Amino acid sequence: MRALSISSADAFILVYDVTDSITFEEVKAIREQIHEIKSTTAVPIVVVGNKTDLSDEDEDLRQICTILLGE
């Protein structure tokens, strides 16, 4: 089902939880899956960190640093 959705989409928004590093790893895997299914890396993908309000309140909660994904 995911492969069908990926193959028919033109762009993607991938959302991860900044307080849970596992979700960021899942986003990386989905990004690779998109590249494989589309047979190209020239695919519009926006990666969004969610729950930044929680990490602002308690800096110890943030597990993912603020970075630019330009891989």
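In the predicted model, a nonpolar patch draws at least two residues from each of two strands, E1 (12-17) and E2 (45-50). The patch lies on the surface and consists of Ile13, Val15, Val46 and Val48, which together present about 340 Å² of accessible area. Ile13, a residue of strand E1, has a relative accessible area of 62% and is therefore classed as exposed, the threshold for that class being over 50%.

Strand E1 also contributes to the interior. The largest nonpolar core comprises 10 residues, namely Ile6, Ala9, Phe12, Leu14, Tyr16, Val18, Phe24, Val27, Ile34 and Val43. At least two residues of this core are supplied by E1, and at least two by helix H2 (21-38). In soluble globular proteins, nonpolar side chains tend to be buried together. Strand E1 thus provides residues to the surface patch as well as to the core.

Two members of the core, Tyr16 and Phe24, are further related through their rings. A search of the whole structure returned one aromatic pair. This pair is formed by Tyr16 and Phe24 in an edge-to-face arrangement, with a centre-to-centre distance of 4.9 Å and an angle of 70° between the planes. The arrangement is assigned as edge-to-face because the angle between the planes is over 60 degrees. Both partners fall below the 20% limit for burial: Tyr16 counts as buried at 10% relative accessibility, and Phe24 likewise counts as buried at 7%.

Burial in helix H2 extends to residues with polar side chains. Thr23, located in helix H2, has a relative accessible area of 17% and is accordingly buried. When residues up to four places away in sequence are disregarded, Thr23 touches Tyr16 and Asp17. Tyr16 is thus a contact of Thr23 and the ring partner of Phe24.

His35 is likewise placed in helix H2. Its relative accessible area of 12% puts His35 in the buried class, since that class requires a value under 20%. Apart from neighbours within four places in sequence, the contacts of His35 are Thr40, Thr41 and Ile45. A further spatial relation links His35 to Ile6: these residues are separated by 29 residues in sequence, while the C-alpha to C-alpha distance between them is 9.5 Å. Ile6 is itself one of the residues of the largest nonpolar core.

Key: Residues are numbered from 1 along each chain as its sequence is written. This is a predicted model: local features need pLDDT of at least 70, side-chain atom pairs count only at pLDDT 80 or more; totals for chains, interfaces and linings use all residues. Side-chain values use heavy atoms; hydrogens and water are left out. Patches are made of residues with over 30% relative accessible area and no salt bridge: like charges are joined within 9 Å, nonpolar side chains (Val, Leu, Ile, Met, Phe, Trp, Tyr) within 5 Å. Accessible areas come from the Shrake-Rupley method with a 1.4 Å probe; for residues, only the protein chains shown count as cover. A salt bridge is a side-chain nitrogen of Lys or Arg within 4 Å of a carboxyl oxygen of Asp or Glu. Helices (H or I, at least four residues) and strands (E, at least two) are DSSP runs, numbered from the N terminus. Buried means under 20% relative accessible area, exposed over 50%, partly exposed in between (1.4 Å probe, protein chains only). A nonpolar core is a set of buried Ala, Val, Leu, Ile, Met, Phe, Trp, Tyr and Cys residues joined through side-chain atoms within 4.5 Å. Contact means heavy atoms within 4.5 Å. Rings of Phe, Tyr and Trp (its six-membered ring) pair if their centres lie within 6.5 Å; planes under 30 degrees apart count as stacked, over 60 as edge-to-face and the rest as tilted.
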